Every structure is written in C-alpha cells, then in structure tokens.
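Work through these exercises on aromatic rings with the model open. Try each task before reading its solution.

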Amino acid sequence: MDKLRPDAQMVQINAMQFIHLPSPDIIKSFGRSVHHYLGIPSWPVFASNRDPTMAEYFSAKSSNNTAVYATLYTGGTQVTPERYMQAIAALQPDMYVALADEVPGDARPKRVGQSVDRTIKWLDECLQHHQAMQQQLLQQQQDEAAAPLPDPQLFAAVMGAGSEQERQRSAKVAAERDVAGFALCGFGMGEPAAARPALMAAALQHLPADKPRVVVGLATPEEVLEAVAQGIDLFDCSYPTHATAQGYALCFPLQPQQEQQQQQQECADADCGADDSKLNLWSLQYRTDKRPLVQGCSCFACRNHSRAYLHHLLHTHEMLASVLLELHNTHWWLGFFGAIQEAIQAGQLQQYIAWFKQRRQGLQQLPEGLIEAGAGKGQSWHKL
C-alpha cells in the first residue's frame, strides 16, 4: 500500500461493518485503534457511514426516529447513534462521518424530509458522544503517558436525496454545528445522474469554504470532474472497485497527449461490451492478445502480464484476476486524480474538463459557471 503514496491520501473504511463482527470490543483487544487492527499504523483512516459498493440502506423503511436499519454482511440490524459512536470510539479513525438516515434517491418527499430531520437529530447526539470521547482519550493519555492517539475529526452528513430544497436545509443546519468538515451523502442511490450537479450545488452554497467537503458514491470520471469544479475536496475509490468486479480495466486517456496513443491501441471495442474508457476483459477478442492492459502504464499488472492472461484468469475464476485488475484500476484512478491536481495547480482546470468532455463518448454536460477559482483539491483515498 505504501506504493500508492503520495497519490492516495488515506484509507477509507465503513464504520457500519464494525458494529457487530468484528465488534468494538474485538477492535480494542487488538491495540489502540483500527490502524493496528488493519496493520496500517502509518495511514490516516477515514470512517464513512456507508460503503459505496454495498446497498446497506435500501431497507430504509425499517428505520425509525431512534435508529437506522442497516443491512450488513451478517444481516440486518438497528444502529442507534450511541451504538454507532461506540464503534467509532473503538476504531479511533482520523476522520469519520456522523450517523445518517440515508434513503434512495427516488424516496417520497415526506420520507426525504424525515431523513433530514433524523440526520440533524443524530448529528447533535453524535456531537455529544464525540465530546465525551475526546475527554476520555485525553484522560487516558495522561494516565498512561502513552503515545497520542488520533484526534478523530467529525464530519457532518448532508442529506436530502433527490430534493434540492432538503439538501439546502440539511446543509444550512450542518454549517451551524461545530464540525471539522462535511460529507455529502446519499449519492449513487438511484437519483438521476443528470440531477447530481444541481443537488451538490444546492448543498455546497451553504457550506463554509474553509472546511473540507467529502462526497461518497460518485460513479464515473465525469461526475468526479463535476464535483471538483463545484469545490469537492475528497473522493473515494469505489469506481475502480466496481470496474474490477465486472472484469473491466480502465484505459481512458489521462492527458491530451495520451489520446492519440490510446486511439492507435484501440483501447476498447464497443462490439465486446466496452467503451472508450475501459476494456471488457471477458471478451474473447483478448484470448490471444499479448499487449499489456494499457501500453505505457507502470502498474504491476501492465509491467508483468498481458490482456490474454487476465482474460484467462477471469474465465477460470481465479482470485488473481481481481487482484491484478484492482492494482491496475486503482493505479489508473489515482493517476486521473493526479492529472486533475496538475490542471488545478497550472490554472488549467477549465481546459482539462473541456478536453475530457470533448473526447468522452456520451459525456454528460457540465453546467456553465461551475468552474471557479475555489475548485476542490481533487484528492482521492484508497478504499480498503
């Protein structure tokens, strides 16, 4: 994982998966924080309240005013703010998102408003537990004279599903709370992709610019560019995870000078279920293809293996297929964020987005006027 630095900023975990098995008591028995449990003591950890690769909240009808119903790999369970914060206290992440009542993007207006009300109420409860947790950590360090633990930074969840009005209301209240940052939640849960820029803008206009903004659940490079243009600072790596699960290798050009090379390589063939952004390695056309996944890519998979070998591993259901594809796709995704950061530093973000828009097939149009000097930092973390 250290080879992902400096492009990857931190490791994302899903706090919900530490509610039951492993339980908070198990985490505590392994050391001073989740960093030791995972064997990544030098990596910052971001604990989100949702895994963007899972559908934990699609049973949202079972939630109530005191607890959210989450479907975990061990089954369904009710999670109260107190129970959620017990897990956070055991994990001791560097940053975490408060408990939220997430609902699908097509939820009815009454349910969306209820979701915002509950999320605000639970944020206040999480803040109370957060203050108690900080005092306990301080006392523990004074008593044991031990090395300092991370001081967890609380991010407020901004909800609203597919309603701009509710997103504005949620953001206004969250901005009034003493939090370290904001997490725009509820994306990638069935809302129309074309509506996401307006939904993000509705919330961001009410959030202070001097605190970091996180979004979890965006699915494509186009959506990332839309979010960076609006001022989002941090993103997850769920897109390469989804691509890997489907047997795709990312191959879209990261810089204008790469475009001609990619075209000469015939990066993807629409006849085999792919597009100009990824290779469908399930396709039989790669059965004897000796080329790397992407010519010139410096990842381990491209330096050592061919498309034919990855195709073979997929068809024989070898675990190594996912390992190698994840290596390549994460490397390529982080390279994409590196290109975005270079464009921001050079003052050419608008030109980069315009080039990306022009060359991508079926690219969604970015709303005019979104690209400003206050654009987000475009950083990514690696999802564990």
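**Exercise 1.** Find the ring face over which R167 lies, in this predicted model.

*Solution.* Start at R167. It lies over the face of F187, 4.4 Å from the ring centre. Now take K278. It lies over the face of Y248, at 5.3 Å from the ring centre. A charge counts as over a ring within 6 Å of the centre and within 35 degrees of the ring normal.

**Exercise 2.** Classify the pair of F18 and Y37, then place both residues.

*Solution.* The structure holds 14 aromatic pairs. In the pair of F18 and Y37, the ring centres are 6.4 Å apart and the planes stand at 80°. Planes over 60 degrees apart count as edge-to-face, so F18 and Y37 form an edge-to-face pair. Next, locate them. F18 sits in the loop between β1 (8–14) and α1 (24–29), and Y37 in helix α2 (residues 34–38). The pair therefore ties together parts 19 residues apart in sequence. Last, check accessibility. F18 is buried at 9%, while Y37 is partly exposed at 28%.

**Exercise 3.** Do the same for F252 and F356, then name the cluster that holds them.

*Solution.* The ring centres of F252 and F356 are 5.9 Å apart and their planes are at 80°, so this pair is edge-to-face. F252 lies in the loop between β10 (248–250) and α9 (256–265), F356 in helix α13 (residues 349–359). The pair thus ties together parts 104 residues apart in sequence. F252 is buried, at 0% relative accessibility. F356 is buried, also at 0%. Finally, follow the ring pairs: they link F235, Y239, F252, W333, F336, F337, Y352, W355 and F356 into a cluster.

Notes:
Residues are numbered from 1 along each chain as its sequence is written. This is a predicted model: local features need pLDDT of at least 70, side-chain atom pairs count only at pLDDT 80 or more; totals for chains, interfaces and linings use all residues. Side-chain values use heavy atoms; hydrogens and water are left out. Rings of Phe, Tyr and Trp (its six-membered ring) pair if their centres lie within 6.5 Å; planes under 30 degrees apart count as stacked, over 60 as edge-to-face and the rest as tilted. Helices (H or I, at least four residues) and strands (E, at least two) are DSSP runs, numbered from the N terminus. Buried means under 20% relative accessible area, exposed over 50%, partly exposed in between (1.4 Å probe, protein chains only).
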